[in-house]
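Visitor: I would like to take a close look at a single part of this structure, and I would be glad of a patient explanation.

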Amino acid sequence: MIGYIPGRSPLHRAHPYTTLALATGLLLGAFALTRPAEVWLLVAAAAVYAAVGGVLRSSARTALLLSLPIWALLFVVHGLLGPEPRAAVGPVAVSTAGVERALVLGGRITAIVLGFLTALSTASPHRLVEAMSARGVPFGRTFLLASTLTVLPRMRERAAQILEAQQCRGLRLGGSPLARLRALGPLALPLVLGALAEVDEQVLALDARGAAGGGRRTPLDPPPDSPAQRVLRWSVLALVVAAYTWKFWRLRG
Amino acid sequence: MSAHPLVALERATFSYPGAARPALADVTFAVAAGEVVVVTGAAGAGASTLLLVATGFAPRVVGGTLSGTRRTAARRCGVVFARPWTQLTGLCSTVRDEVAFGPASLGLPRDEVLAAAARALDRLGIAHLADREPAHLSGGELQRVVVAAALALGPEVLALDDPAAELDPEAADALYAALPGLASAGTAVLLATPDLERAAGVATRAVEMRDGRIVAEGAPARVLAGTAVARLARAAGCPAPWPVDVAALLVRADMGRGR
């Protein structure tokens, strides 16, 4: 499941900037940390973030599905083809430095994916638009960000409709990987062409409704912010700065 | 043509980007407040394009080239297309917010925005949907939301491009029934539709297009009487007003048999 899931968790009720700040903190933190233990501590933090949002199960499942192929690739590239020295793991001799590298890279990807899936699941696009309007952000930028949050669920819904229609016309989805690959054609083409055709109408409709005016939008129901949330956001920023400072200090040492 | 038009095109020729031939050719046309003008023609005749050019969305938004003159006294034009789901912002969690989106984009005070949305919902008879989520509405309800969203901005010219294509007959009747009210409130309504029977009931003027040109213009009874179905009905001795589409002809025939 990728996309907003309505709920009443603390993350759902938080100001959208707080939710996004935490996800961005995970992203930036992932690149500041360089040791497997540190990175996996960050993965644990991402899991706590998802649990607070009440979406741990769905986000972790999707994050694993997305990260597992990358994990496999990293293990082959770094673990099997990495530099000496090697250690025997069953019948295979793996590079210890390579495995360490794979753990860092895989952990980073897992933390980032889990963090952003959680943000997508808990930050309501509507509340984000209201929050950005309240801050006077031009609608073009607001729309760019908010529509990014909604594009995947919309595409998934459309893909399901197209698949149903194609199945009614005899498309078979099962079978060998090659047959499944062939089935992508009747899905991808209408999906892309349909989306492009609809974009024209949506641009016209948004323009007709004053979205292109460039003026400041009136927020109708801006989400409440609080000093505690502002402190949390500044703390995330401070932690990220501290992590990079530590990284560069260690590199110089 | 009206004495004080809200929009006037003079010898307008419009081509879409990359198109070999113009979609609108040498068109002179005007529409005034209070009119409901139905624009008819076969697919590709240029009816939709006439709406886009008249309302100024072409070439400003869709691109392309326009020659000739377009004059307008309208400060704001609205447009509604056939597919309601392409016209939603996708960013609003209630119908009220969706309808209020336009006035909010103009930066009006919050109270005015909500009042404009409430008025538009009332005019379309969908105030009861205000707290519903747009994604959970039927096609007919959604299309009325889209029309309300267009009306919330108070457009002087409202272009409706086949607005009942996704509606069930009752919802289509309700939508068409609302058009004379909009016109009498001062809105100029431009309607491109193949649903001539319903359009004939509300239009004050009809325009027929072929190959991007206006080939007939005038009272609906005169222009629409030229459709193949109306000619057939006339030849068969049907009393006026003649049906202008096949469905209406069949209904009339059925009624004749029952008499």
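Visitor: Among contacts in chain A between residues at least 6 apart in sequence, what percentage join residues at least 24 apart? After that, please take me closely through the sheets of chain B and what lies against them.

Guide: This is a predicted model, and your question about chain A can be answered before we turn to chain B. Among the contacts in chain A between residues at least 6 apart in sequence, 74% join residues at least 24 apart. Chain A has nine helices and two strands, and along the sequence these follow the pattern α-α-α-α-β-β-α-α-α-α-α. Of its 253 residues, 31% count as buried, and its C-alpha trace spans about 65 × 60 × 30 Å along the principal axes.

Now to the sheets of chain B. Six strands of chain B form an open sheet with mixed pairing, and their order is E5-E6-E7-E3-E8-E9. E5 and strand E9 (213–218) of chain B stand at the edges with a single partner strand each, so one side of each has no neighbour in the sheet. From one strand to the next, the twist of this sheet averages 20 degrees. Within the sheet, strand E3 (residues 36–40) of chain B pairs with strand E8 (residues 205–210) of chain B in the parallel sense, over four bridges, and B:Thr40 has B:Glu208 in E8(B) as its bridge partner.

A sheet of three strands is also found in chain B; it is open, has antiparallel pairing and follows the order E2-E1-E4. Here strand E2 (24–31) and strand E4 (65–72) of chain B are at the edges, and each has a single partner strand, so one side of each is left without a neighbour in the sheet. The twist in this sheet averages 15 degrees from one strand to the next. Strand E1 (residues 7–15) of chain B is joined to E2(B) by five bridges in the antiparallel sense, and B:Phe14 finds its bridge partner, B:Leu24, in E2(B).

Helices lie across these strands. Helix H1 (residues 47–54) of chain B lies across E1, E2 and E4 of chain B and runs at about 60 degrees to E2(B), while H1(B) also lies across E3, strand E6 (157–161), strand E7 (188–192) and E8 of chain B, at about 155 degrees to E7(B). H5(B), for its part, lies across E5 and E6 of chain B and runs at about 170 degrees to E5(B).

For a closer view, consider B:Leu190, which, leaving aside its neighbours within four places in sequence, is in contact with B:Val31, B:Val37, B:Val39, B:Leu51, B:Ala54, B:Val157, B:Ala159 and B:Leu160. The largest nonpolar core has 127 residues, and B:Leu190 is one of those that touch the most other members, together with B:Val39, B:Ala148 and B:Leu191. Helix H5 (residues 96–122) of chain A gives the most to this core, namely 12 residues. As background, nonpolar side chains tend to be buried together in soluble globular proteins.

Finally, we come to where the chains meet: 29 residues of chain B are in contact with 28 residues of chain A. On the side of chain B that touches chain A, at least two residues each come from strand E5 (77–80), helix H3 (95–105), helix H4 (110–123) and helix H5 (139–151) of chain B, and H3(B) supplies the largest share, six residues. The residues of this side divide into 17 nonpolar, nine polar and three charged.

Methods
Residues numbered from 1 in each chain as written. Chains lettered and ligands numbered in written order. Predicted model: local features only at pLDDT ≥ 70, side-chain atom pairs only at ≥ 80, totals over all residues. Pairing = 2+ DSSP bridges. Axes fitted to C-alpha atoms, helices over the stretch in contact; angles between N-to-C directions. Contact = placed C-beta atoms within 7 Å. Core = buried A, V, L, I, M, F, W, Y, C linked by C-beta atoms within 7 Å. Buried ≥ 20, exposed ≤ 12 C-beta atoms within 10 Å, placed from the backbone. Nonpolar A, V, L, I, M, F, W, Y, C, P; charged D, E, K, R; others polar.
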